[in-house]
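Thank you for making the time this morning. Please have the model open while I talk, and stop me wherever a definition is unclear.

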Amino acid sequence: MNGLSSSRYLVLLLLLACGIIVGCGKPSSKLRTAYGKRTGNEAGSVNGTKALSEMFREAGYYVRSYSAVSPSMLRHNVIVWFPNSFDGPTPEFRDTILRWLEEEEGRTFIYVGRDFDASIQYWNDVLNKVDPAEKLDVMRQRSLAIESFDKLRNYQSPQADYQFYKIERDAPRRVASSLSGPWAKGIDASKTQIELRSRMIPADEDTIYKGFDTFDEDAVPIHLVEDSEILLSTGKEAIVARLGSDYSDNQIILVNNGSFLLNLPLVNPEHRKLAAKLVNQCDESYYAPDSVAFLETEGGVRIMNADQSTDGNSGWEWLSKWPLNLVGLQMAWWLIVLCFALYPIFGRAKKLPSAETSDFKKHIDSVGDLLQATDDHGYAQLRVQQYHQAMKGDAVYRRSKVRRGEGK
């Protein structure tokens, strides 16, 4: 993972760090908090995944984002899912992922739970760095962030079973004070800020079989995830778990939440070490993966078939959507006609007549225009009188020490 220290990655982390370390100035109430985004205007959100995607990119992966499950997304070797919802994978999505794992070796599916909001951590860090006069505003922003997060969380059921794992949300907020497991090696737990709100219980060999018809010839290949391994834990609680099998190099990585993988938490050097272990975990199989897909979803996961995935490839499909389909085609037609009418030249270019320099009338017109430009009637009359006197051979009267404009 030497490539993770490249200049582009360091610049990204520096910009994120400025939001906290330099945050001792006037706090901004327009903090970007969009969850699970790595592209667009929200890529720099404290809850974004841009920093993690850059770690994959610096490790040599081709990275791309998707808003729905499509055949093009399923051609990638690694799928990373940060759902902006507390609901886990639906049965249809689980079946899609398992069949995707069955198709080719060396594939990894990474699921990161939603039970964390980095904006609360941001306001907590800023609170100790602002002037006393601004602390009241920071406390108000923190309260709003906590209220917004709790409002989403309180609508969830206390317990849920998503077959890959079970979740228990009826647990107090806590920070991991100690770390164990293979990923804990080389990590200073006292410098980490891994926050836990739920308990994640990974599936084991007995529970993963529930819900499948083992006698169905078209059943999902459950042998791919028949074993589980705790990669990182605190006490007896799993933070990161791996579902895999001795018969396959494919795997499913389950992460309790993004408290060490989102943009803001990755400012912490110890969190970057853990994120690097996640990137390395995808490359431990014999079949080295080369592409990563970040699935960005709002609410449920849309699964598109091959026919739907081909729509919109021309770039003009927006003209067929309401309400643009009512006037869009007509407007496009008339714009094309207007362009042909105004800009192109049809046939040979017309040759304009050349100007004659010997025409004395043009000289008189030019002198008249110049005299008119002076806006001095007296001066113009004097110049005409001088011309007539010169033509007759008389002495020419010249006005002296009189500025133009005084004769008006």
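Among contacts in the chain between residues at least 6 apart in sequence, what percentage join residues at least 24 apart? The figure is 70%, with contact meaning heavy atoms within 4.5 Å.

Before going on, I should say that this is a predicted model, in which local features need a pLDDT of at least 70 and side-chain atom pairs count only at pLDDT 80 or more, while totals for chains, interfaces and linings use all residues. Residues are numbered from 1 along each chain as its sequence is written, and side-chain values use heavy atoms, with hydrogens and water left out.

On confidence, the chain has a mean pLDDT of 81, where pLDDT is the predictor's confidence in each residue on a scale from 0 to 100, and 78% of its residues reach 70 or more. Residues 18-28 have a pLDDT below 50, and beyond near neighbours in sequence this stretch has 25 contacts in the model. Residues 307-313 are also below 50, and there the corresponding count is five contacts.

As for the overall make-up, the chain has 10 helices and 12 strands, taken as DSSP runs (helices H or I, at least four residues; strands E, at least two) and numbered from the N terminus. Of its 408 residues, 42% count as buried, where buried is under 20% relative accessible area, exposed is over 50% and partly exposed is in between, with a 1.4 Å probe and protein chains only. The accessible surface, from the Shrake-Rupley method with a 1.4 Å probe (for residues, only the protein chains shown count as cover), comes to about 23,900 Å², of which 53% belongs to carbon and sulfur atoms.

Let me turn to one helix. Helix α4, residues 118-127, is mostly covered, since nine of its 10 residues are buried, and among them are Ile120, Tyr122, Trp123 and Leu127. Ile120 has a relative accessible area of 15%, and, not counting residues up to four places away in sequence, Ile120 touches Ala145, Ile146 and Phe149. The C-alpha atoms of Ile120 and Ala145 are separated by 5.8 Å, although the two residues are 25 apart along the chain. Asp137, which lies in helix α5 (residues 135-153), is partly exposed at 29%, and its C-alpha is 9.3 Å from that of Leu127, 10 residues away in sequence.

Next, the backbone. Which residue in the loop between β4 and β5 deserves a look? Gln163 sits in that loop, between β4 (159-161) and β5 (165-168), and has a positive phi of about 70° although it is not a glycine; at 13% relative accessibility, Gln163 counts as buried. Asp375, in the loop between α9 (360-374) and α10 (377-392), likewise has a positive phi, near 60°, but at 52% Asp375 counts as exposed.

Finally, the empty space. A cavity here is a set of points, on a 1 Å grid over the protein atoms alone, where a 1.4 Å probe fits but cannot get out, and lining residues have an atom within 4 Å of a point. The count comes to one cavity of 30 Å³ or more, and the largest cavity has a volume of about 110 Å³, the space filled by probe spheres set on the points, which are joined across faces, edges and corners. Its lining includes Phe86, Tyr111, Arg114, Asp115, Tyr165, Arg169 and Asn256.

Terms used. 1 Å grid on protein atoms, 1.4 Å probe; cavity = no way out; pocket = protein on both sides within 12 Å on 5 of 7 lines; lining within 4 Å.
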